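Work through the exercises below with the sequence and the model side by side, and try each task before reading its solution.

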Amino acid sequence: MVRVKVHGKKVSVKAKVKRKTARTTGPDYPRYLRGKDLITTQEWEKKDLDVVLRTANEMKKNRFRHPLSQSMYNKSFFMFFYNPSVRTRQSFEVAATELGGHALFLEPGGMRLKTARTAGETIEDAANVMSRYAAGIGIRILEDKITYYGEGDQLLRDYARWASIPVISMAHDKYHPCQGLSDIMALQNRLGDLKGKKALLVWGKGALARSWSSIQEFLLIASRFGMSINVASPEGYDLDPDVMKNVKKNCDGNSQELKITHDMKEGYDNVHVVYSRNWMTPQAYRNSEFHKQEEIDKSLQYQEWICDANKMKLTRNALFIHPMPVDRGNEVTDEVASGRNSVIYEIAENRLHVQKAVMALTMGDF
Amino acid sequence: MVRVKVHGKKVSVKAKVKRKTARTTGPDYPRYLRGKDLITTQEWEKKDLDVVLRTANEMKKNRFRHPLSQSMYNKSFFMFFYNPSVRTRQSFEVAATELGGHALFLEPGGMRLKTARTAGETIEDAANVMSRYAAGIGIRILEDKITYYGEGDQLLRDYARWASIPVISMAHDKYHPCQGLSDIMALQNRLGDLKGKKALLVWGKGALARSWSSIQEFLLIASRFGMSINVASPEGYDLDPDVMKNVKKNCDGNSQELKITHDMKEGYDNVHVVYSRNWMTPQAYRNSEFHKQEEIDKSLQYQEWICDANKMKLTRNALFIHPMPVDRGNEVTDEVASGRNSVIYEIAENRLHVQKAVMALTMGDF
Amino acid sequence: MVRVKVHGKKVSVKAKVKRKTARTTGPDYPRYLRGKDLITTQEWEKKDLDVVLRTANEMKKNRFRHPLSQSMYNKSFFMFFYNPSVRTRQSFEVAATELGGHALFLEPGGMRLKTARTAGETIEDAANVMSRYAAGIGIRILEDKITYYGEGDQLLRDYARWASIPVISMAHDKYHPCQGLSDIMALQNRLGDLKGKKALLVWGKGALARSWSSIQEFLLIASRFGMSINVASPEGYDLDPDVMKNVKKNCDGNSQELKITHDMKEGYDNVHVVYSRNWMTPQAYRNSEFHKQEEIDKSLQYQEWICDANKMKLTRNALFIHPMPVDRGNEVTDEVASGRNSVIYEIAENRLHVQKAVMALTMGDF
């Protein structure tokens with residue numbers, strides 16, 4: 001904003017040489033995040049996650065006129081959806097749009113990628129060319145599109161190896177970093193500093209045989225930000241041991257407790273946050289197949305594993321969180337999901353702001 | 001790029017304060033339309049339809065530099081296509097683009113919405129979250145995606161109930177408001193004031209078993225704008241009685257006639273406008289199924305029900321209108337569809353301008 | 001609109017009516033290319049191809065701030081993909097985005113176009129309406145979506161006949177003009193003037209039964225730009241005789257040789273460029289069917305027809321080119337495809353710049 005003379009009067013002229021809002025005031029944004037992959041928050045430094053969260057909060061307050069609002073101007077983000085998704089597609093495509101860019105919705109069904117069984121293009125070739133077209137690549141691969149747990153994670157790492165542009169997980173078998181960041185953003189905004197606050201991740205019954213991505217990411221980032229963690233589930237619902245080792249390490253680093261229990265009530269005791277969610281057993285993938293129906297049948301034996309108002313009374317007036325879509329009547333009652341302490345819509349909204357921040361900082365021009 | 005004096009020094013100024021075209025002249029646009037749903041024109045006040053039509057005409061003349069041309073800048077419009085469509089998708093997606101925004105093409109096949117039969121997300125949850133991402137929602141649901149007439153209309157109203165952003169019909173089982181506005185826009189531009197002008201809606205044979213959305217909307221809006229109405233069809237092709245009650249009320253309010261006849265020639269007599277179009281019988285939906293083939297078989301018995309040059313001679317040199325795609329050789333002959341009095345392409349073009357006007361006025365930032 | 005002093009004179013500053021980068025310097029761009037179809041480079045004058053290549057090179061150097069960088073501002077490009085494609089979709093959609101416009105990804109499965117077998121819309125009607133919405137139309141139709149060689153070419157010409165906006169081939173059964181331009185752009189940048197340089201098109205085995213579009217376009221444009229041409233293949237892999245007649249004419253016009261051989265080694269002898277690619281026989285389409293498996297079976301009999309390092313030693317240190325996706329291990333060894341002389345990624349990148357140039361010049365506003 002400069003002042004110039006017009007008809008003898010001084011007026012403000014908002015120069016604008018570039019299409020970006022001027023950044024004469026406001027914080028600086030580190031440039032070393034440009035080009036960085038985001039496969040899990042665990043692989044980013046805590047201070048850089050803090051920058052993402054600060055930027056996301058700024059963008060939430062100042063949605064269309066943030067200093068980085070044009071940082072993807074005319075740039076393209078490639079979204080590969082091996083699995084369909086409503087929320088993830090909407091939030092990423094809107095994020096790119098609000099940064100002045102464009103997200104391409106790509107379904108790899110239409111791609112001739114080489115597999116063990118078919119002729120096609122190597123990831124080396126595909127990623128090399130995409131790096132010349134796009135500002136970044138997002139990949140979502142879950143559930144029935146993989147033949148063993150970890151295959152999706154490997155695909156992302158193969159893309160990240162060959163691409164010279166950032167590869168961002170839009171949820172894969174192991175991790176869901178943007179979901180984890182959105183959870184933490186909401187919790188910080190509601191509870192302030194999370195150090196020493198207690199979070200419960202509790203298994204819920206359901207007919208959807210859900211993946212571990214969102215919940216593992218939550219355990220990692222919540223423990224990273226100083227929360228103590230309860231995990232409650234029926235027996236047989238252990239998560240990835242490597243991930244749990246990192247959760248333990250994070251808890252230890254912050255002098256917090258990690259408690260794993262099969263006693264539902266013990267889980268709810270005195271917590272500040274309840275995250276009730278269905279997930280599959282470690283046996284869901286066997287012999288290169290996803291045994292979905294078996295998982296559903298097993299899950300529906302545990303009719304008492306639903307988050308309801310009575311159980312919430314055991315907590316310290318806890319917030320209810322969930323990555324959505326919520327399986328109402330299974331994972332949680334309507335009363336809790338639509339209750340005063342539910343922050344599910346706020347978290348879903350945060351996806352947009354977090355993803356804008358991640359895209360701007362890793363792919364943007366500023 | 002000009003050089004101006006700033007604090008005594010010459011600097012380059014590349015003007016451009018906001019991305020919007022200046023609005024120092026030109027008419028004002030009412031702000032009370034922001035947030036308004038458009039499920040049928042019948043539920044909007046006539047004066048507000050007039051504003052839409054005036055704005056659409058302005059935008060047609062001034063396609064890229066209208067005062068509202070940037071009113072969707074970087075905003076997103078969600079298009080839910082339960083049924084595929086070429087024209088509707090193209091015209092809405094181009095409309096959002098020309099307003100500086102972006103339309104997401106979403107196919108609910110990729111959505112896990114809860115139904116009586118499946119686990120999934122409630123409309124309450126879906127609409128609440130979308131309201132935090134998008135500027136508006138468009139929904140198209142027709143024909144084989146519903147199990148009874150009226151189910152699509154109910155879906156739109158459920159979305160409208162839970163969404164805090166406008167819900168716009170992109171054609172559903174009952175109504176097609178943007179088509180009706182486009183029809184009227186063309187007729188006003190060709191015939192001037194429509195008060196007292198006569199329109200014929202005439203059934204045409206065909207193998208497409210078409211829905212009632214476009215024709216019911218036309219009857220409602222044409223009668224609203226003062227036209228007198230003839231409806232001609234073989235016996236057994238009655239339309240929705242509730243809609244027809246409103247058409248009658250509209251005609252009465254304008255002291256115009258509503259004539260329903262099974263005599264084709266009587267229908268054509270002395271009219272200014274002919275709308276020949278196939279539609280299904282009230283029996284098309286029975287036992288939660290769409291009996292499409294039965295409708296086609298029945299329809300093809302009426303070989304004489306085609307709009308041709310001879311029948312057009314009975315009119316007052318009438319305009320031929322149709323919402324397209326035209327089923328040439330069934331609904332109408334090539335001679336009439338491509339003839340001098342055909343305004344089908346003009347109407348199709350109007351879809352773009354009308355939808356830009358509706359989006360700008362209900363979702364835009366101005 | 002404000003009036004400011006500039007060098008002592010009062011001038012109006014409308015700060016930026018258009019969103020384009022100022023064009024005070026730089027070359028002019030001919031306006032007579034506006035509205036021009038691009039079905040094959042053979043139908044464009046050489047001097048106009050030179051303009052496209054010059055513009056594409058400028059855009060490669062100045063990707064986001066070229067004088068024509070905003071020439072598609074808020075305009076729409078319709079992409080019809082009868083066949084799926086990764087590279088072509090990505091490069092066209094990014095091209096439109098980088099010019100400030102938007103490309104719609106349309107799959108004609110969702111279109112009700114009239115065919116001999118079904119009711120639907122005529123190309124006349126579809127193209128007439130699209131001309132009122134879009135700035136241009138791209139069409140891709142290949143392989144299993146046609147019933148005889150030439151049917152796709154006819155479809156493009158039908159669209160071009162009825163559309164008042166440019167129709168651009170995004171690869172069809174006969175031609176692939178943007179691929180050909182990208183090939184030539186890379187060769188010029190590597191080899192300088194192509195006059196008298198020798199190119200080999202050599203058949204490669206493979207399980208993909210590839211169409212003639214890319215290779216025929218290459219032969220046409222390479223011969224047009226003065227290269228001498230070797231074509232080497234097993235017997236029975238002749239290309240379109242009409243196309244080959246034009247290639248011969250182009251060679252003659254430049255006093256260059258066209259040599260067709262079934263001796264692989266003769267083909268490689270002393271060439272500057274090697275293009276190894278699988279293609280189908282003239283018998284691939286018979287009785288309105290695409291005999292894909294038969295083609296694959298036949299192709300895999302020729303195990304020695306693979307481009308490898310030994311064969312490359314017969315050349316003058318030739319560049320290796322290919323339109324991608326590369327069928328590594330069939331058409332070419334990894335060693336050659338990823339070797340120093342491979343320019344496949346550069347050519348793939350050129351697709352973006354060439355298509356931006358073509359869109360800007362034929363559809364843009366400048």
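**Exercise 1. The domains of chain A**

Find which stretches of chain A make up each domain, and describe the side of domain 1 that touches domain 2.

Solution. In this predicted model, the domain assignment of chain A places residues 33–176 together with 355–363 in domain 1, and residues 178–348 in domain 2. The next step is to locate the two domains relative to each other: their centres, taken over C-alpha atoms, are separated by 25 Å. Contacts come next, and here 24 residues of domain 1 of chain A are in contact with 24 residues of domain 2 of chain A. On the domain 1 side, at least two residues each are supplied by α1 (46–61), β6 (167–172) and α12 (344–363) of chain A. The largest share of that side, 6 residues, comes from α1(A). Sorted by character, the residues of the side of domain 1 of chain A that touches domain 2 of chain A are 10 nonpolar, 8 polar and 6 charged.

**Exercise 2. Chain A as a whole**

State how many helices and strands chain A has, and what share of its residues count as buried.

Solution. Counting the elements gives 12 helices and 13 strands in chain A. Turning to burial, 55% of the 366 residues of chain A count as buried. A last step concerns the contacts in chain A between residues at least 6 apart in sequence: 81% of these join residues at least 24 apart.

**Exercise 3. A parallel sheet in chain C**

Work out the order of the 4 strands in the open sheet of chain C, and then follow the pairing from one edge to the other.

Solution. The order in chain C is β4-β3-β5-β6, and the pairing is parallel. The edge strands of this sheet are β4 (102–106) and β6 (167–172) of chain C, each of which pairs on one side only. Neighbouring strands of the sheet are turned by 20° against each other on average, direction ignored.

Begin at the β4(C) edge, where β3 (residues 76–81) of chain C pairs with β4(C) in the parallel sense over 5 bridges. One of the residues to look up is S76(C), whose bridge partner in β4(C) is H102(C). Between these two strands the chain passes from β3(C) through helix α2 (residues 87–98) of chain C to β4(C), and this β-α-β crossover is right-handed. Although β4(C) is an edge strand, 4 of its 5 residues are buried, so β4(C) is largely enclosed by the rest of the structure.

Now move to the other edge, where 4 bridges join β5 (residues 136–141) of chain C to β6(C), the two strands running parallel. Within this pairing, I139(C) has S169(C) in β6(C) as its bridge partner. Helix α4 (residues 151–162) of chain C lies across β5 and β6 of chain C, and runs at about 170° to β6(C).

**Exercise 4. Unusual backbone geometry**

Look up the peptide bond before P325 in chains B and C, then find the sign of phi at A209(A) and at M324(C).

Solution. As background for this task, most residues other than glycine have a negative phi, and most peptide bonds are trans. In chain B, the peptide bond from M324(B) to P325(B) is cis, with omega near -5°, and P325(B) sits in the loop between β13 (319–321) and α11 (334–337) of chain B. In chain C, the bond from M324(C) to P325(C) is also cis, with omega near 0°, and P325(C) is found in the loop between β13 (319–321) and α11 (334–337) of chain C.

M324(C) itself has a phi near 60°, a positive value in a residue other than glycine, and belongs to the loop between β13 and α11 of chain C. A residue is buried if 20 or more other C-beta atoms lie within 10 Å of its own, and M324(C), with 21 C-beta neighbours inside 10 Å, therefore counts as buried.

For A209(A), phi is positive, at about 45°, although this residue is not a glycine. A209(A) lies in the loop between β7 (198–203) and α6 (213–224) of chain A, and is buried, with 22 other C-beta atoms within 10 Å.

**Exercise 5. A loop residue of chain B**

Decide whether S233(B) is buried or exposed, and name its contacts beyond its neighbours in sequence.

Solution. First place S233(B) in the loop between β8 (228–232) and α7 (241–253) of chain B. S233(B) has 21 C-beta neighbours inside 10 Å, so this residue counts as buried. Leaving aside its neighbours within four places in sequence, S233(B) is in contact with W203(B) and H262(B).

Definitions and conventions. Residues numbered from 1 in each chain as written. Chains lettered and ligands numbered in written order. Predicted model: local features only at pLDDT ≥ 70, side-chain atom pairs only at ≥ 80, totals over all residues. Pairing = 2+ DSSP bridges. Axes fitted to C-alpha atoms, helices over the stretch in contact; angles between N-to-C directions. Contact = placed C-beta atoms within 7 Å. Domains from an automatic or database assignment. Nonpolar A, V, L, I, M, F, W, Y, C, P; charged D, E, K, R; others polar. Buried ≥ 20, exposed ≤ 12 C-beta atoms within 10 Å, placed from the backbone. Right-handed = clockwise from strand over helix to strand, strands pointing away.
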